[in-house]
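Please find below a short note on the ligand site and the helices beside it. It is arranged as numbered points for ease of reference.

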Amino acid sequence: MGPFELISKHGEHEQVLFCHDPNVGLKAIIAIHNTALGPALGGTRMWNYKNEEEALIDVLRLSKGMTYKAAAAGLNLGGGKAVIIGDSKTQKTEGLFRAFGQFVNSLNGKYITAEDVGTCEGDMENIFMETPWVTGIPKDFGGSGDPSPYTAHGVLMGIKAAAQKKLGSDSLKGMRIAVQGLGNVGSHLVKYLVQDGAKPIVADIDQDRVKRHVDQYKIEAVSPDQILFQECEILAPCALGAIINDQTITKLKCKAVAGGANNQLAEARHGDQLKELGILYAPDYVVNAGGLMNVFVELEGYSGDRAFEKTRKVYDNVLKVFALAERDGIGTHRAADRLAEERITTIGRLKQRHQGKSSRSFTTMREVHNR
Ligand code: NAD
């Protein structure tokens, strides 16, 4: 299938930019899915794709996901994403990222980039040499640093909203919450849960991480193959995608699922099945939007306190999704998409009408860059 056919098959993208600079070995694709709500923000993934078609499909899919995530988060941002084709362990150079930065710059703020799988703060710093349209730059430059404490705090809010809806109270005191994965997000989440008086049950394939958490918080740990099937109020997946699938779904013993991992449902039909099973699903991209909220604050001139406050909004956002699911008699995963689409339609139209008045301009980024 040719690139144009692939682009029409994977969504109505506004623009797809192929970036090629043989001098530095750059082959990258930037996909701008939708800018109705604001500039398209999404990370740059560096991955050793099997071929260019695989890279194009990935960037089209991921950029569309960002549109929904930003819209459901209530942010004035659109959805975009970039992929650099290459091995992130062996093929990174300053020239590669600066050349990529020039392509980002050529879009004049329509696309704003950030870290993703295979890229790090140092790479963002190289991109920043060429363009102000990058987030996740070092704190010295006005950046926001590691997003995971903010993501985890948003996840805590998502868990509270699920508890409120399913159990009638958002107090987590004494509540059994199974956390799969003790990485960047999971470890911060466990800290917040313990502070709130919850009783986390944890698992990770890395036994050192498990031991550290058990020693520090005196909490229960189970083996990685058992964590999903714990008798508990809430299951919080914070490791892998597609963990709710044909093999696992009927064995779940939780009342609700609310966690930080991306793409928790193997397929959309598993969301419908959760509804039939009476398990409340807090949609992943609504729950894990705290990291995106954090970089959004960076665009306005960064303040950690303000970013932390902003992540509290995840609570209301998740409750809104539950209410819409009830109103329309659909699964919460479908309600999240509907909520995002409704916002894009109504607010996007408003922004068109008031262009230049209602939209905030991200001047701080330019100021920092020009310093
Ligand atoms: P991470 O790599 O730091 O942590 C993942 C952890 O999961 C690791 O400790 C790993 O050992 C563990 N793990 C892997 N397989 C496992 C298994 N089968 N059972 C139990 N544990 C297992 O990643 P992270 O940054 O904490 O992100 C976690 C998830 O949240 C990912 O899906 C990521 O895409 C998503 N997410 C992260 C952020 C963020 O701010 N970091 C934002 C949005 C979404």
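The points that follow concern a predicted model and take the ligand before the helices.

1. Surroundings of the ligand. The ligand has 21 residues around it, and those that come nearest are Thr 151, Val 185, Asp 204, Arg 209 and Asn 262. By class, the residues of this shell comprise 10 nonpolar, 9 polar and 2 charged.

2. Polar contacts. Oxygen atoms of the ligand are approached by both side-chain and backbone atoms. From the side chain of Arg 209, a polar atom lies 2.4 Å from a ligand oxygen. Asn 184 contributes a polar backbone atom, with an oxygen atom of the ligand at 2.9 Å. Ala 239 likewise places a backbone N or O atom 3.2 Å from an oxygen atom of the ligand.

3. Burial of the ligand. The ligand taken alone exposes 840 Å², of which the protein buries 74%.

4. Helices at the site. Two helices, H5 (148-167) and H6 (184-195), each supply at least two residues of the shell around the ligand.

5. Packing of these helices. Two packed helices are described by the angle between their axes and the distance between the axes. For H5 and H6 the angle is about 55°, and the axes are 8 Å apart. Angles of 65 to 115 degrees count as roughly perpendicular and those under 35 degrees as roughly parallel; H5 and H6 are therefore oblique to each other. The crossing of H5 past H6 is right-handed.

Key:
Residues are numbered from 1 along each chain as its sequence is written. This is a predicted model: local features need pLDDT of at least 70, side-chain atom pairs count only at pLDDT 80 or more; totals for chains, interfaces and linings use all residues. Side-chain values use heavy atoms; hydrogens and water are left out. A residue is near a molecule or strand if one of its heavy atoms lies within 4 Å of it. A polar contact is a pair of N or O atoms within 3.5 Å; within protein, one must be able to donate a hydrogen and the other to accept it, and residues adjacent in sequence count only if both atoms are side-chain atoms. Accessible areas come from the Shrake-Rupley method with a 1.4 Å probe; for residues, only the protein chains shown count as cover. Helices (H or I, at least four residues) and strands (E, at least two) are DSSP runs, numbered from the N terminus. Ala, Val, Leu, Ile, Met, Phe, Trp, Tyr, Cys and Pro count as nonpolar, Asp, Glu, Lys and Arg as charged, and the others, Gly among them, as polar. Axes are lines fitted to C-alpha atoms, for helices over the stretch in contact, and angles run from 0 to 180 degrees between N-to-C directions. Angles under 35 degrees count as roughly parallel, over 145 as roughly antiparallel, 65 to 115 as roughly perpendicular and the rest as oblique. A crossing is left-handed if the near helix is turned anticlockwise from the far one by less than a right angle, and right-handed if clockwise.
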